[in-house]
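Me: I've got a model open and I'd like to go through its ring contacts and its sheet. Can you take my questions one by one?

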Amino acid sequence: MRRREFIRLLGGVATWPLAARAQERERIRRIGALINFAADDMEGQRRFAAFLQALQEAGWEVGRNVRVDIRWAGDVEFNSKHAMELLALAPDVFLAAGAPTVRALQKATRTVPIVFTSSADPVGAGLVANLARPGGNATGFSSFDYNIGGKWLEFLKQIAPNVTRVAILRDPDIPAGIGQFGAVQTAAGYVGVELHPIDTRDSGEIEQAIASFTRRPGGGLIVTQNTSVLFRRKLIIALAASHRLPAVYASRFFAMDGGLLSFGPNLLDNYRRAAGYVDRILRGEKPADMPVQAPTKYELVINLKTAKALGIEVPPTLFARADEVIE
């Protein structure tokens, strides 16, 4: 999604008062969006544009019958501030991306409905009571199946058979971080590789840990799915390149930004589906009765340019399985 197309879709967010006066008889509904990307991050803009497009297809046109107030959460420290700002605008429903944004919104309100686009473990994170009947003011879409942990290791061994040691970037402070590491750990027992967890709380800690890990040969890297790596993805990709580490990532945009290989859910599709849940809530349904849904689309992306830079020849069998190959 190009920036110009995104601005066109968002159009009415800035100009809504003029359109609203032209449509005084039609009630303007309000959506507060808290997105876990920086405002200038093209991946975040691409996902939000997909939400707006699906919302429009459901009959909600920005500037005519809906207003969208957005805050870009480029730093998790500002989540609470942004949540209170959005709540003060009296939205009918919130759109949230990622567990930290949902927690900030739930801290601000337990009554305004929240639709989240992604959470690796919504129950473990305390966002919902259970997946089938969330029971509170939040529902949405999960972004992880723990079986993927074994797939990450499988793809890493396929693209780099000589790997015997694997560093796992994970957030140990969230249930999903512990669960994802456990899933990879289980698979490692069958594959016969040595695992080294690296916490992702601090950029300096990541740099130091990877430098220490690569002092011995046979290393590979798996970057799990969590918000802390999202904000540090350029650093992590650069470290993998400089230390010549074959790496597997949980999200497509890591491969798009220069990572070797990614496998995970199509989160763009989650944003489109989230628009359907927002539509249902605006028409009277309650999030407590709407089940949390799992991803329906998964994608394997290989960056051939990065593979060549690392001296890796991608096996034909892996090529055949790829949904996208970046030349």
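Reply: Sure, here come the questions and answers on the aromatic pairs, the charges over rings and the sheet; keep in mind that the model is predicted.

Me: How many aromatic pairs does a search of the whole structure find?

Reply: Ring pairing was searched over the whole structure, not just one region. The number of aromatic pairs that turns up is eight.

Me: Take Phe48 and Trp72: are their rings stacked, tilted or edge-to-face?

Reply: The ring centres are 6.0 Å apart, with the planes at 75°. Planes over 60 degrees apart go in one class, so the Phe48 and Trp72 pair is edge-to-face.

Me: And how far apart in sequence are the parts that this pair of Phe48 and Trp72 ties together?

Reply: Phe48 and Trp72 are both buried. Phe48 belongs to helix H3 (residues 42–57), while Trp72 belongs to strand S2 (residues 66–72). The pair therefore ties together parts separated in sequence by 24 residues.

Me: What about Phe141 and Tyr277: which parts hold them, and how many residues apart in sequence are those parts?

Reply: Their rings form a tilted pair, 5.0 Å centre to centre with 45° between the planes, and both residues are buried. Phe141 is in the loop between strand S5 (138–140) and helix H6 (148–159), and Tyr277 is in helix H12 (residues 267–282). So this pair ties together parts whose separation in sequence is 136 residues.

Me: Which ring does Arg165 lie over, and which one does Arg170 lie over?

Reply: Arg165 is 4.2 Å from the ring centre of its partner, over the face of Phe213. For Arg170 the distance to the ring centre is 5.0 Å, and the face is that of Phe181.

Me: On to the sheet: which strands stand at its edges?

Reply: Five strands make up an open sheet with parallel pairing, in the order S2-S1-S3-S4-S5. Two of them each have a single partner strand, so one side of each is left without a neighbour in the sheet. Those edge strands are S2 and S5.

Me: In S4, what is the bridge partner of Ala96?

Reply: Strand S3 (residues 93–96) and strand S4 (residues 114–116) run parallel and are joined by three bridges. Across in S4, Ala96 has as its bridge partner Phe116.

Me: Last one: helix H4 packs on the sheet, so what angle does its direction make with that of S2?

Reply: Helix H4 (residues 79–88) touches strand S1 (29–35), S2 and S3. Its direction against that of S2 makes about 165°.

Notes: Residues numbered from 1 in each chain as written. Predicted model: local features only at pLDDT ≥ 70, side-chain atom pairs only at ≥ 80, totals over all residues. Heavy atoms only, no water. Phe/Tyr/Trp six-rings, centres within 6.5 Å; stacked < 30°, edge-to-face > 60°. Helix = DSSP H or I, 4+ residues; strand = E, 2+ residues; numbered from the N terminus. Buried < 20%, exposed > 50% of the residue type's maximum accessible area, 1.4 Å probe, protein only. Lys NZ or Arg CZ within 6 Å of the ring centre and 35° of its normal. Pairing = 2+ DSSP bridges. Contact = heavy atoms within 4.5 Å. Axes fitted to C-alpha atoms, helices over the stretch in contact; angles between N-to-C directions.
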